Amino acid sequence: MNYFRYDDACGAYSVYATADGFKSNYGFLDKTGEGFKSYNIRPSQMAPVIFVNDKGQTVLEEMKWGLIPSWWKEDPKISYKLFNARDDKVFTSGMWRSVYRKRALVPASGYYEWTKPPKGEEKQKYYYTLKQQELFSFAGFYDVWKDAGDRDWKTYTIITTEPNKEASKVHNRMPVILHKEDEQAWIDPTKTKRDEIEPFIHPLEDGGLKVVEVGNNTNAFKYDDEGLIKALNSK
């Protein structure tokens, strides 16, 4: 499946943290999982997600990136189209109205973006990190889908919005990056109305992102090492 045809921003990202690192960064967690390290998370892969479960516990679990709505009855490959959710559709599209109350934090250390050059020219990759935080959170939604064998699949999507100044130099969208003080409030299940949720969905302020040009090996699933985030001009 060529999911690049559905690119809306943030088609690959990284997260690297120990179990203690997650616990320290997300002090409100009731249950933590293990540490996690990947420099090349792509749609269809498993990655850590934080949400409030049915018992009211704030937990960290691995889910599959690419949302399959719980009500979906057709091909589960719909997930390749739903790894991102546009902020201008989440409250109006029937696809998203069933899940915007199921909000999640998607921990990240950085994310990749690529230019869209004229046909025939090679794309160039860039890597974005936060200047003031080593670990941060994308705003996301999650859902649980049952397959034909009655097995539960927990899946998630990342919300995108208009770009800030740094992001706009490469792409016309960017993932929603939450302020640290807003993380727990974002996943508060008592917030069910649009006017309680929408204020969290906005671009990161200008000046908050650091961007470096990196190699293009992130085009392939097989590459997953620290060299992927090394700036091309670094020694």
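In which sense do strand 4 and strand 10 pair, and over how many bridges? In this predicted model, strand 4 and strand 10, the latter spanning residues 152-161, pair in the parallel sense, and two bridges connect them. Within this pairing, Lys-64 is placed opposite Thr-155 of strand 10.

Strand 4, which comprises residues 58-65, also pairs with strand 3 (residues 46-52), and here the two run antiparallel and are joined by seven bridges. Pro-48 stands across from Glu-62 of strand 4 in this arrangement. Strand 3 and strand 4 together form a hairpin in which five residues lie between the two strands, and the turn includes Gly-56, whose phi is positive at about 80°. With regard to solvent exposure, strand 4 is mostly covered, since six of its eight residues are buried.

A further element of the model is an open sheet built from five strands, which follow the order 2-1-7-8-12 with antiparallel pairing. The edges of this sheet are occupied by strand 2 (36-41) and strand 12 (209-214), each of which pairs on one side only. From one strand to the next, the twist averages 20°. Within the sheet, strand 1, formed by residues 12-17, runs antiparallel to strand 2 and is joined to strand 2 by four bridges; for Tyr-16, the bridge partner in strand 2 is Lys-37.

Methods. Residues numbered from 1 in each chain as written. Predicted model: local features only at pLDDT ≥ 70, side-chain atom pairs only at ≥ 80, totals over all residues. Heavy atoms only, no water. Pairing = 2+ DSSP bridges. Axes fitted to C-alpha atoms, helices over the stretch in contact; angles between N-to-C directions. Buried < 20%, exposed > 50% of the residue type's maximum accessible area, 1.4 Å probe, protein only.
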